[in-house]
Amino acid sequence: MKEIINGLSVFLEGNSKNKSIIFVHGFPYDHTMWKAQIDELSKKYFCVTYDIRGLGESPVGEGQYTMESFVDDLEGIIIELKLDKPVLCGLSMGGYIAFRALEKMEDKFSAVILCDTRADADGNEGKLKRAAAIKRINTEGLAPFTKDFVTNCYGDYYKQNHKEEFEKRIAKSTAFNPVGVKGSLLAMLGRNDTTEYLSKIKIPAFVICGENDALTPPAVMKAMADKINGAEFMIIKNSGHMTPTENPEEVNNAIAKFFDRTKLF
Ligand code: MLT
């Protein structure tokens, strides 16, 4: 079921009386990247996902976003749906939103699942890359940027064995409004570093990384997970940066086992 909350397209699956999980997608994607998780987990949990402002079906608005405004959007959805301490699950940019949300209001969540993401902010090189990406979109249009970016996100196994889905993924991102895509790039460029907060996280944390993740590699993510008290870290086989779509079975099993172990539900 789809609902519009504060202008955002929000998607609800499962029984709203069950414990809830809120999924926050990565860049430049939309809520559909969580389809395999929601199909499975909505049998037992109330699954909520949404399109980040400016991406997917959510409106671009003025197109100027910050990580803070993305966190405000997340908080608005939680308040509107009266979610009681949902599990927060974010991938990459969704993870940046999750980290800042924890720093700001950890008590609103019961656990966190961090997929292929990092807590540190963009360094100088990263900031210049974002600027170059914006310039490229302005001069060449969105298509060459999304093709290269999405290609870098996915591992070889998926690209070779799921050619059609992979091409569809590129086409979907290429159809986004370039203003919204550039707004996300600026929000990521300007985000704060949440590394200091890692050791303060109190809720159960599960950190997932694709074995061939070129953007947030396993060594980087393991070092990050080690800073979170009691965090569990898992490497997902045959996967690059997009673990939930590249190896959904392993990710779904891992999440189910994490819930069993933490006895959250
Ligand atoms: C993502 O998957 O959300 C992006 O790789 C994040 C980023 O560009 O830093």
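1. In this predicted model, Lys-104 has a relative accessibility of 37% and therefore counts as partly exposed. The side chain of Lys-104 forms a salt bridge with Glu-75, and the closest N and O atoms of the two residues are 3.2 Å apart. Because Lys-104 belongs to helix H3 and Glu-75 to helix H2, this pair ties together parts of the chain that are 29 residues apart in sequence. Glu-75, for its part, is buried, with a relative accessible area of 16%, so that the bridge joins a partly exposed lysine to a buried glutamate.

2. A second salt bridge between these two helices brings together the side chains of Glu-68 and Arg-100, with an N to O distance of 2.6 Å. Here Glu-68 sits in helix H2, which covers residues 67–80, and Arg-100 in helix H3, which covers residues 93–105, so distant parts of the chain, 32 residues apart, are linked by the pair. Arg-100 is buried, at a relative accessible area of 16%, whereas Glu-68, at 31%, is partly exposed.

3. The third pair to examine is Glu-232 with Arg-261, whose side chains meet in a salt bridge at 2.3 Å, N to O. Since Glu-232 lies in strand S8 (residues 232–236) and Arg-261 in helix H11 (residues 248–262), the pair ties together parts that are 29 residues apart in sequence. Both partners are partly exposed, Glu-232 with a relative accessible area of 24% and Arg-261 with one of 45%. Returning to the residues of the opening point, salt bridges that share partners join Asp-72, Glu-75, Lys-104 and Lys-108 into one network. Across the whole structure, a search finds 20 salt bridges. As a general matter, side chains of opposite charge can pair when their charged atoms come close.

4. On helix packing, the axes of helix H5 (residues 142–153) and helix H7 (residues 163–174) come within 9 Å and cross at roughly 140 degrees. The two helices are therefore oblique to each other, and their crossing is right-handed. On the H5 side the contact is made by Leu-142, Ala-143, Thr-146, Lys-147, Val-150 and Thr-151, while H7 contributes Phe-166, Ile-170, Ser-173 and Thr-174. Sorted by class, the contact of H5 with H7 has 5 nonpolar, 4 polar and 1 charged residues.

5. Gly-94 has its place in helix H3, the helix that also holds Arg-100 and Lys-104. With a relative accessibility of 0%, Gly-94 counts as buried. When residues up to four places away in sequence are not counted, Gly-94 touches Val-24, His-25 and Gly-26. The C-alpha atom of Gly-94 is separated by 9.5 Å from that of Asp-116, a residue 22 residues apart from Gly-94 along the chain.

6. Is Ser-239, a loop residue, buried or exposed? Ser-239 is buried, its relative accessible area being 0%, and its position is in the loop between S8 and helix H10 (243–246). Leaving aside residues up to four places away in sequence, Ser-239 touches Gly-210, Glu-211, Asn-212 and Asp-213, and also Glu-246 and Asn-247. Strand S8, which borders this loop, is the element that holds Glu-232 of the salt bridge with Arg-261.

Conventions:
Residues numbered from 1 in each chain as written. Predicted model: local features only at pLDDT ≥ 70, side-chain atom pairs only at ≥ 80, totals over all residues. Heavy atoms only, no water. Axes fitted to C-alpha atoms, helices over the stretch in contact; angles between N-to-C directions. Helix = DSSP H or I, 4+ residues; strand = E, 2+ residues; numbered from the N terminus. Parallel < 35°, antiparallel > 145°, perpendicular 65-115°, else oblique. Left-handed = near helix turned anticlockwise from the far one by under 90°. Contact = heavy atoms within 4.5 Å. Nonpolar A, V, L, I, M, F, W, Y, C, P; charged D, E, K, R; others polar. Salt bridge = Lys/Arg side-chain N within 4 Å of Asp/Glu carboxyl O. Buried < 20%, exposed > 50% of the residue type's maximum accessible area, 1.4 Å probe, protein only.
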